[in-house]
Structures are given as structure tokens and as C-alpha cells.
Amino acid sequence: MKINWGTGIVLAFIGFIGFIMYFIITINVDDKFDHDLVTEDYYAEELKYQEDIDKLHNAKNLNENISYKRTTEGLLLVFPKNIDLSKITGHVFLYRPSNKQLDFDTVISLSNHYLLIPDKRLVDGRWNIKVDWQYNGQSYLYKETIHY
């Protein structure tokens with residue numbers, strides 16, 4: 001059987017369309033390619049965004065802001081040394097963009113000027129850290145993206 005150039009073009013189109021359809025169906029059906037929104041209440045979070053901007057502005061006006069350091073025990077969040085630890089409240093949220101089952105939230109409870117997040121809670125890869133804290137009635141926000 002002889003195939004001319006017209007039949008070859010039609011077969012190439014059919015093969016290409018078949019490949020694309022296979023790819024689309026695989027992406028939509030397979031749980032490995034999960035593509036949810038970043039947060040469950042995306043629109044409610046968007047409405048609170050101005051509050052986050054104000055908190056970030058307050059944090060920039062501090063003499064010393066929160067910093068982080070990776071140690072052998074885990075991730076060390078260092079709070080400013082010139083503030084009273086007993087007046088700090090808030091929480092630390094660690095967000096894993098690639099797997100929402102690894103996300104966790106921790107309440108800030110300080111006995112020293114640092115908060116240790118144990119190494120066993122963090123797997124290697126990208127993490128987004130969000131520290132939402134209050135001191136003397138003023139709200140602050142520290143956001144950082146790290147590769148652990």
C-alpha cells in the first residue's frame with residue numbers, strides 16, 4: 001500500500017490530536033497532577049489582603065525584624081532582641097506549595113528570642129513562611145520563601 005503526502009498529513013494530524021487528548025485526559029483524571037487553588041477560601045483571603053499590607057508595613061518600620069536560620073535541629077526563627085517576649089502573641093504558618101498535606105500552623109510561645117521548628121516537620125524543598133504576630137496591640141507580618 002502506497003501512502004501519498006495528503007494521507008501522511010491526515011495521519012500526522014490524527015496522531016497529534018490523539019496525543020493531546022491523551023495528555024488532557026491524563027492531567028484531569030490522575031490524582032498525581034492535582035491542581036487545586038492555593039487556599040480553600042481564596043476570595044475571603046483576598047479581602048483580607050489590605051490588612052496584610054498594613055502588617056508588612058508595620059514590620060518594615062521595626063528597628064530589627066524577624067530573621068531565620070537553618071540549624072541541625074531545624075529552622076530557627078529569631079525574634080527582635082529589644083522587645084518583651086511575654087507580650088508577643090500570634091502564629092507561624094508554614095505552607096508547602098507542592099503538597100498541602102504538609103502545611104501546618106504553630107502558635108507562638110517564646111521562652112527565648114527564637115522559635116525552633118523541628119527538622120522532622122520539614123521536608124526538603126520550597127516552603128513559604130508566614131509569621132503573623134502582635135506586640136503591644138500592634139500587628140506585624142513576616143513573609144519569606146525558603147528552600148529547606
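Trainee: Where in the chain is Asp84?
Mentor: Asp84 sits in the loop between β2 and β3. Keep in mind as we go that this is a predicted model.

Trainee: Why is Asp84 called partly exposed?
Mentor: Its relative accessible area is 36%. Buried would need a value under 20% and exposed a value over 50%, so Asp84, at 36%, is partly exposed.

Trainee: How far apart are Asp84 and Asn136, in sequence and in space?
Mentor: Along the sequence they are 52 residues apart, and from C-alpha to C-alpha the distance is 9.4 Å.

Trainee: And where does Asn136 lie, and what makes it buried or exposed?
Mentor: Asn136 lies in the loop between β6 and β7 (138–147). Its relative accessible area is 53%, and exposed means over 50%, so Asn136 counts as exposed.

Trainee: What is the phi of Asn136?
Mentor: It is near 55 degrees, which is a positive value in a residue other than glycine. For background, most residues other than glycine have a negative phi.

Trainee: Let's zoom out. How many helices and strands does the protein have?
Mentor: There are three helices and seven strands. Going along the sequence, you meet them in the pattern α-α-α-β-β-β-β-β-β-β.

Trainee: How do you know whether the protein is spread out or a compact globule?
Mentor: Set two numbers side by side. The radius of gyration is 24 Å, while the globule rule gives 15 Å for 148 residues. The first value is well over the second, so the protein is more spread out than a compact globule. You can also look at the box that the C-alpha atoms fill, roughly 85 × 35 × 25 Å along the principal axes.

Trainee: What share of the residues is buried?
Mentor: Buried residues make up 26% of the 148.

Trainee: What share of the contacts comes from residues 24 or more positions apart?
Mentor: Taking the contacts with a separation of 6 or more, such residues account for 58%.

Trainee: Now the rings. How many aromatic pairs are there?
Mentor: The structure holds three. One of them is Phe79 with Trp133.

Trainee: Why is the pair of Phe79 and Trp133 called edge-to-face?
Mentor: Check the distance, then the angle. The centres are 5.7 Å apart, and rings pair if their centres lie within 6.5 Å, so this counts as a pair. The planes are at 90 degrees, and edge-to-face means over 60, so the name fits.

Trainee: Which parts of the chain does that pair link?
Mentor: Distant ones: Phe79 is in the loop between β2 (74–78) and β3 (88–95), and Trp133 is in strand β6 (residues 126–135), 54 residues apart.

Trainee: What makes Phe79 and Trp133 buried or exposed?
Mentor: Phe79 has 0% relative accessibility and Trp133 has a relative accessible area of 1%. Buried means under 20%, so Phe79 is buried and Trp133 is buried too.

Trainee: How do you know what kind of pair Phe104 and Trp127 form?
Mentor: Their ring centres are 6.2 Å apart and their planes are at 65 degrees, so this pair is edge-to-face. It links distant parts of the chain, with Phe104 in strand β4 (residues 104–107) and Trp127 in strand β6, 23 residues apart. Phe104 is buried at 7%, and Trp127 is buried at 0%.

Trainee: Which residues form one aromatic cluster?
Mentor: Phe79, Trp133 and Tyr140 do.

Trainee: Where is Asp52, and what makes it buried or exposed?
Mentor: Asp52 is in helix α3 (residues 49–60). Its relative accessibility is 11%, and the cut-off for buried is under 20%, so Asp52 counts as buried. Leaving out residues up to four places away in sequence, Asp52 touches Lys130 and Leu141.

Trainee: Last ones: what makes Glu40 and Asp41 buried or exposed?
Mentor: Glu40 is in the loop between α1 and α2, and Asp41 is found in the loop between α1 (5–29) and α2 (42–47). Glu40 has 62% relative accessibility and Asp41 has a relative accessible area of 52%. Exposed means over 50%, so Glu40 is exposed, and Asp41 is exposed as well.

Note on methods: Residues numbered from 1 in each chain as written. Predicted model: local features only at pLDDT ≥ 70, side-chain atom pairs only at ≥ 80, totals over all residues. Heavy atoms only, no water. Helix = DSSP H or I, 4+ residues; strand = E, 2+ residues; numbered from the N terminus. Rg over C-alpha atoms; globule rule 2.2 N^0.38 Å. Buried < 20%, exposed > 50% of the residue type's maximum accessible area, 1.4 Å probe, protein only. Contact = heavy atoms within 4.5 Å. Phe/Tyr/Trp six-rings, centres within 6.5 Å; stacked < 30°, edge-to-face > 60°.
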